[in-house]
Amino acid sequence: MKLDVDVLRYLSKDDFRVLTAVEMGMRNHEIVPTELIDRIASLKHGGTYKVLKNLLKHKLLHHDSSKYDGFRLTYLGYDFLAIKTMVNRGVFAAVGRQIGVGKESDIFEVATEDGTVLAMKLHRLGRISFRAVKSKRDYLRHRSSYNWLYLSRLAALKEFAFMKALEEHGFPVPKAVDCNRHCVVMSLVQGYPLVQVKQLQNPETVFETIIGLVVHLAEHGLIHCDFNEFNIMIDDDEKVTMIDFPQMVSVSHRNAQMYFERDVECIFKFFSKRYNLSFKEHTDENDGSDVDSDENGRPTFSSISKSAGFLDKELAASGFSRKDQDDIEKFIEGGNEKDRNSDTEGTEDEEHESESSETINRTLDSLHLLEKEENALNFVEEDKVDENQQSCETGQNNGSESEEASDKEEESQTLNTGDVELVKRLNKQRRRAILSAQGGRRSLASRNSYKDKGGKSSQNSKLKKHLSSW
């Protein structure tokens, strides 16, 4: 979609208020309902619907009524919000011509009030030419759904953070000025992309400086991941400037070696085809850093003294926090992490099942022990009852020994009462063990037994007890 800044002159405060309301509603809505836009904008006398019609005419919003009546922001409306914020901050005062088009962004010239020309980069992820963001970029991590505007905002924030940190460490990058939403304002590089340069006065020195930049980045803990002739600017004095930083990763990334070797291979292949350089006798000693090379003269990733996470503090200070990094990494490491999570969940489930089986076995063992103890007590009781019966018979036959038999009966009664109490305790322990094995659940009969107090069943049980006593 072409950026027509002339429409920006005729937009009022109410128009930007409604655009901001739609942006706020898109935080948790793919299509923002019209009633919600009206509540957030809170314009007088129902002016929201008139403003929505005007914004729809200029293609700043998209109307969707498939499921319900709602609107969403287009990239043009998102551009206007970012440009309006930059103008209010005083970053620039005019927007000029378009100087570059890429698969992920558009670049425009902007001018400040004193006439200084800057470059404005508008990220536009989701174009038809480059929608393979899932496999090519790590902008999101653990999100199943995403919005292209949100992805563009994260990419702009990440590029601004890397640009500012690299500038502070002396790398040849554009000067970062400001960032808002998906818009990054930087200094304008006076030069040409390397892909447009047909001849160089000193191609070997340019090649050495470019390979030195790749190695120097890796020594600082970063890999460009897209270091080719399209992202290298060179001026008339053959001074090199690198651009395009949203896809940069750390040397601790699991695919860091592959990205490093790919960047080196792109530079070697371009210079060999375009400038007919031979690298058989070429040694790589760039910027005073001694790096081992392979048979073809390419620097090896293992020989670089890496310091992973060296620029974390600078990146956090420039606005790109660790939370944003967690949001921006999704699809490269997402599949493996899901597999790992499933494996860990499986092991946790197995451990939980083993623990539960151990507890059940323990309760069953306790139940078996209780049953054995009860059987032993019952056997002792039967022996005592037989002895009492024998003593009673001898007491009847021998009248002289009646007093001794009565004493024995009293002792057996006391023993029986003590054994009964012990059996009751064992029964309680067995019930508790059964409840613990069943998960602490009581039976429905015991749970609802209190409901029948004073009812017919309780009266019948009392009558039965009374009759049995008779």
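**View 1. Helix 1 packs against helix 2 in this predicted model.** Helix 1 covers residues 13-25, and helix 2 covers residues 34-41. The two pack at an angle of about 120°. Their axes lie 9 Å apart. Angles of 65 to 115 degrees count as roughly perpendicular, and those over 145 as roughly antiparallel. Helix 1 and helix 2 are therefore oblique to each other. Their crossing is right-handed.

**View 2. Side by side, helix 1 and helix 2 share a contact.** Helix 1 brings R17, V18, A21, V22, M24 and G25. Helix 2 meets them with I37, I40 and A41. What kinds of residue make up this contact of helix 1 with helix 2? Seven are nonpolar, one is polar and one is charged.

**View 3. The largest nonpolar core holds 49 residues.** L166, I210, I223 and F271 have the most contacts inside this core. Several elements give two or more residues to the core, among them helix 6 (148-168), helix 7 (203-219) and helix 8 (256-274). Strands contribute too, including strand 7 (176-180), strand 8 (183-187) and strand 12 (240-242). Which helix gives the most to this core? Helix 7 does, with nine residues.

**View 4. L166 and its contacts.** Neighbours within four places in sequence are left aside here. L166 then touches F171, V173, L217 and L222. It is also in contact with M242, F245, M248 and L311.

**View 5. A second core stands separate.** This one has 43 residues. V7, A41, F80 and C183 are among them. A41 also appears in View 2, on the helix 2 side of the contact.

How values were computed:
Residues are numbered from 1 along each chain as its sequence is written. This is a predicted model: local features need pLDDT of at least 70, side-chain atom pairs count only at pLDDT 80 or more; totals for chains, interfaces and linings use all residues. Side-chain values use heavy atoms; hydrogens and water are left out. A nonpolar core is a set of buried Ala, Val, Leu, Ile, Met, Phe, Trp, Tyr and Cys residues joined through side-chain atoms within 4.5 Å. Buried means under 20% relative accessible area, exposed over 50%, partly exposed in between (1.4 Å probe, protein chains only). Helices (H or I, at least four residues) and strands (E, at least two) are DSSP runs, numbered from the N terminus. Contact means heavy atoms within 4.5 Å. Axes are lines fitted to C-alpha atoms, for helices over the stretch in contact, and angles run from 0 to 180 degrees between N-to-C directions. Angles under 35 degrees count as roughly parallel, over 145 as roughly antiparallel, 65 to 115 as roughly perpendicular and the rest as oblique. A crossing is left-handed if the near helix is turned anticlockwise from the far one by less than a right angle, and right-handed if clockwise. Ala, Val, Leu, Ile, Met, Phe, Trp, Tyr, Cys and Pro count as nonpolar, Asp, Glu, Lys and Arg as charged, and the others, Gly among them, as polar.
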